[in-house]
Amino acid sequence: MGLERLRAQEIETNSTEKEVIDENEERIAKMSSRDCRCDEPTRELQSNEDEVESSAEEAYAAWMVKHPSALIAFDRMMSIAKEKMVVVFLDYDGTLSPIVDDPDRAFMSDSMRSAVNKVAQYFPTCIISGRRRDKVYEFVKLTNVYYVGSHGMDIMAPLKPVDEIDSTLHEQAIKEKGNEGVLFQPAEEYLPMIEEVYSELKEKTKEIQGVLIENNKFCISVHFRRVDEEDWSLLENQVMDTMKNYPALLITRGRKVIEIRPSIKWDKGRALEYLLETLGFGNNDKTLPLYIGDDRTDEDAFKILQRRGQGYPIIVSSVPKDTEASYSLRDPSEVMSFLLHLFRWKKDSS
Ligand SMILES: O=P(O)(O)OC[C@H]1O[C@H](O[C@H]2O[C@H](CO)[C@@H](O)[C@H](O)[C@H]2O)[C@H](O)[C@@H](O)[C@@H]1O
């Protein structure tokens, strides 16, 4: 059973990992016994706060019927994986690191880094982020994973194959694409325009307290998490006003962020597909891609997996959300538990 495996794994994990696993285990045990708790007689004097919390929990539980926990369903999910190559795709913000106020301080914990590293020892692993690729590397600092930045528009697969498993196809890809590794930047021609818009936006919004414009190379993030709510519409108007002059760029929304990017038909989903095909993991019968992400842009990747009927799209969310994902994890700590689970599953079976 999944939880037993988590327990057995404690011997090999450090204390922070163990605390996270304990907490998740307790939470999952509660979820599993939720039906019993619903049958308990309602206490007469329940505070409003308790009521709000319990209705939120009920809504979440109802949502989870459609998007079951990937921790609880782990054994079932992996029952088809034995003869296949699992390929792991991970979003960064909100998936490997918690959401924080300052985007420059969205650090990954050492225990999460260790979990990703363990997984990457066994499976080709790729981090796909909206951020610029070098920034994600600065946070993650692992040399055994692939990095994709700018919402899929900046792909770099390293020269050194991830473990021996994918070496033949990977080497072939390197041979075809050149010595620098597999570099693919479908929006290269937009670079000067992105630089121009970045400078204009910085200038235009400089009077608004708390705004942060992040240059993500092929995309721009306009953060308003630290902007006073009463200034949100002013900021929005200024962004829209600037963007009127750039019809070749597209505006999308993320978590307290307005994102600007080239309006080409390319996104995290296309990048996922490109990597699967280019690196030789495209065959449905032989590979099982897992994609874990929390944001709207990750939905593009979820859709691709659904369309291909291949692998598992897993959403990270602690609230019910409209999603194409089949499974869910509540937060980055559950992501870490899932990754350790995956590592242990492979270690045990090899
Ligand atoms: O694709 P991702 O790796 O999830 O990147 C999406 C955006 O993430 C970052 O912004 C978000 O996280 C910040 C740090 O926790 C938070 O302050 C912000 O409000 C969130 O929107 C990143 O800064 C953006 O550039 C990425 O596009």
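Start by selecting helix 13, residues 332-349: this helix is mostly covered, with 13 of its 18 residues buried. Here a residue is buried if 20 or more other C-beta atoms lie within 10 Å of its own, exposed if 12 or fewer, and partly exposed in between, with C-beta atoms placed from the backbone. Helices (H or I, at least four residues) and strands (E, at least two) are DSSP runs, numbered from the N terminus.

Before moving on, a word about what is on screen. This is a predicted model, in which local features need pLDDT of at least 70 and side-chain atom pairs count only at pLDDT 80 or more, while totals for chains, interfaces and linings use all residues. Residues are numbered from 1 along each chain as its sequence is written.

Stay with helix 13 for its length. At 1.5 Å a residue, its 18 residues should span 26 Å, and the end C-alpha atoms are indeed 26 Å apart. The expected span is 1.5 Å times one less than the number of residues in the helix.

**The whole protein**

Now zoom out. The protein has 13 helices and 12 strands, and 40% of its 350 residues count as buried. Among contacts between residues at least 6 apart in sequence, 64% join residues at least 24 apart. Two residues are in contact if their C-beta atoms, placed from the backbone, lie within 7 Å.

**Two domains**

Next, colour domain 1 (74-186 + 266-349) and domain 2 (189-262) separately; these bounds come from an automatic or database domain assignment. Their centres, taken over C-alpha atoms, are separated by 27 Å. Where they touch, 15 residues of domain 1 are in contact with 16 residues of domain 2. The domain 1 side of this contact has three nonpolar, six polar and six charged residues. For these classes, Ala, Val, Leu, Ile, Met, Phe, Trp, Tyr, Cys and Pro count as nonpolar, Asp, Glu, Lys and Arg as charged, and the others, Gly among them, as polar.

**A crossing pair of helices**

Select helix 11 (residues 268-278) and helix 12 (residues 298-308). Their axes come within 6 Å and cross at roughly 50 degrees. Axes are lines fitted to C-alpha atoms, for helices over the stretch in contact, and angles run from 0 to 180 degrees between N-to-C directions. The two helices are therefore oblique to each other: angles under 35 degrees count as roughly parallel, over 145 as roughly antiparallel, 65 to 115 as roughly perpendicular and the rest as oblique. Show the side chains of K268, G269, L272 and E273 in helix 11, which meet D298, D300, A301, K303 and I304 in helix 12. By class, this contact has three nonpolar, one polar and five charged residues.

**Stops in the loops**

Follow helix 12 onward to G309, in the loop between helix 12 and strand 11 (312-316). G309 is exposed, with 7 other C-beta atoms within 10 Å. Measure from its C-alpha to that of N284 and you should find 8.1 Å, although the two are 25 residues apart in sequence.

Now pick S150, in the loop between strand 3 (146-149) and strand 4 (154-157). Its phi is near 50 degrees, a positive value in a residue other than glycine. Is S150 buried or exposed? It counts as buried, with 29 C-beta neighbours inside 10 Å.

K217 is in the loop between strand 6 (212-215) and strand 7 (220-223). Phi of K217 is near 70 degrees, a positive value in a residue other than glycine, and K217 is buried, with 21 other C-beta atoms within 10 Å.

**Last stop**

Finish at P192 in helix 9 (residues 191-204). P192 is exposed, with 8 other C-beta atoms within 10 Å. From the C-alpha atom of P192 to that of A81 is 44 Å, with their positions 111 residues apart along the chain.
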